[in-house]
Amino acid sequence: MFSLSSARSLLAVCRPSTWSSPFAPALSSPSLVFARGRHQLAPRSVKFIKRHKGVLPVPTGGSIKGTTLTFGEWGIRVKGNGARITAKQLKSADDALKRKLKVIKGAKVYMRIFPDIPVCIKGNETRMGKGKGNFEFWATRVAPGRVIFEIGGAPIREELAREALRLACDKLPTLMEFIDRKAPPRLGNLLITPDIPAETIPQQTISA
């Protein structure tokens, strides 16, 4: 009723395949599955790989969120103008901090920003048109007063904290300042100090 060739083809369809692809180990390797856009600091997934260039954020609404310490005891924040910090610069600063603090057991480094903005670049002397450039690296935009790194988790002397954070500042493209838990919040270039009630101000008496 069936020819020999058709019977063999039907049997091959019904039989589970035991052939393993030579590319299966390469596709299932963690290095390819968990690759994050040619850099370790990168978002897991994005909807669009290309985005507008954008502008640096300016805190014109009076928000002081992200300008004080939250997790650690010492930290650095932007004192100069806002800047676009790349993932490579953040990784270099993070490595410098961890290298300096590895002698302290339990010390932790907290990164308060994350590079989630794709930057696309076109080659030099390229004619206009023909679409946006290719993806190059990840970056983030920070406003003046934004906290970048915090260190804590264990008792750290102020001298060691200043030296470690100074090494991290050398890797970043803008001017930073050293802060602690008592540092007031910053709104751009303005420090927000709490108002002193009039009752607590000592009155000076003038004697005739």
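Hi everyone, let me start with one pair of residues: K108 has G152 in β6 as its bridge partner. Please keep in mind that we are looking at a predicted model.

That pair belongs to a longer contact between two strands. β3 and β6, the latter covering residues 147–152, are joined by four bridges and run antiparallel. As a quick reminder, strands in a sheet pair through backbone hydrogen bonds, in either a parallel or an antiparallel way.

Now let's step back to the whole sheet. In what order do the four strands of this open sheet come? Reading across, we get β3, β6, β1 and then β7, and the pairing is antiparallel. The edges are taken by β3, residues 108–111, and β7, residues 176–180; each has a single partner strand, so one side of each has no neighbour in the sheet. On average, and ignoring direction, neighbouring strands here are turned by 20 degrees against each other.

What packs on this sheet? Helix α4, residues 87–101, does, and it touches β3 and β6. Its direction makes about 20 degrees with that of β6. Then there is helix α5, which spans residues 158–169 and lies across β1, β6 and β7. If you look at β1, residues 74–78, you'll see α5 running at about 35 degrees to that strand. So β6 is a good strand to have on screen, since α4 touches β6 and α5 lies across β6 as well.

Let me move on to a loop, the one between β4, residues 117–121, and β5, residues 134–142, where we find E125. This residue has a positive phi of about 55 degrees, although it isn't a glycine. Is E125 buried or exposed? It is exposed, with a relative accessible area of 83%.

K130 sits in the loop between β4 and β5 too. Here phi is near 65 degrees, again a positive value in a residue other than glycine. K130 counts as exposed, because its relative accessibility is 89%.

For a contrast, my last stop is T86, in strand β2, which covers residues 83–86. T86 counts as buried because its relative accessibility is 15%, and the cut-off for buried is under 20%. Which residues does T86 touch, once we leave out those up to four places away in sequence? They are F137, W138 and A139. And if you check the numbering, β5 runs over 134–142, so you can follow that stretch on the screen.

That's my tour, thanks for listening, and I'm happy to go back to any of these views.

Terms used
Residues numbered from 1 in each chain as written. Predicted model: local features only at pLDDT ≥ 70, side-chain atom pairs only at ≥ 80, totals over all residues. Heavy atoms only, no water. Pairing = 2+ DSSP bridges. Axes fitted to C-alpha atoms, helices over the stretch in contact; angles between N-to-C directions. Contact = heavy atoms within 4.5 Å. Buried < 20%, exposed > 50% of the residue type's maximum accessible area, 1.4 Å probe, protein only.
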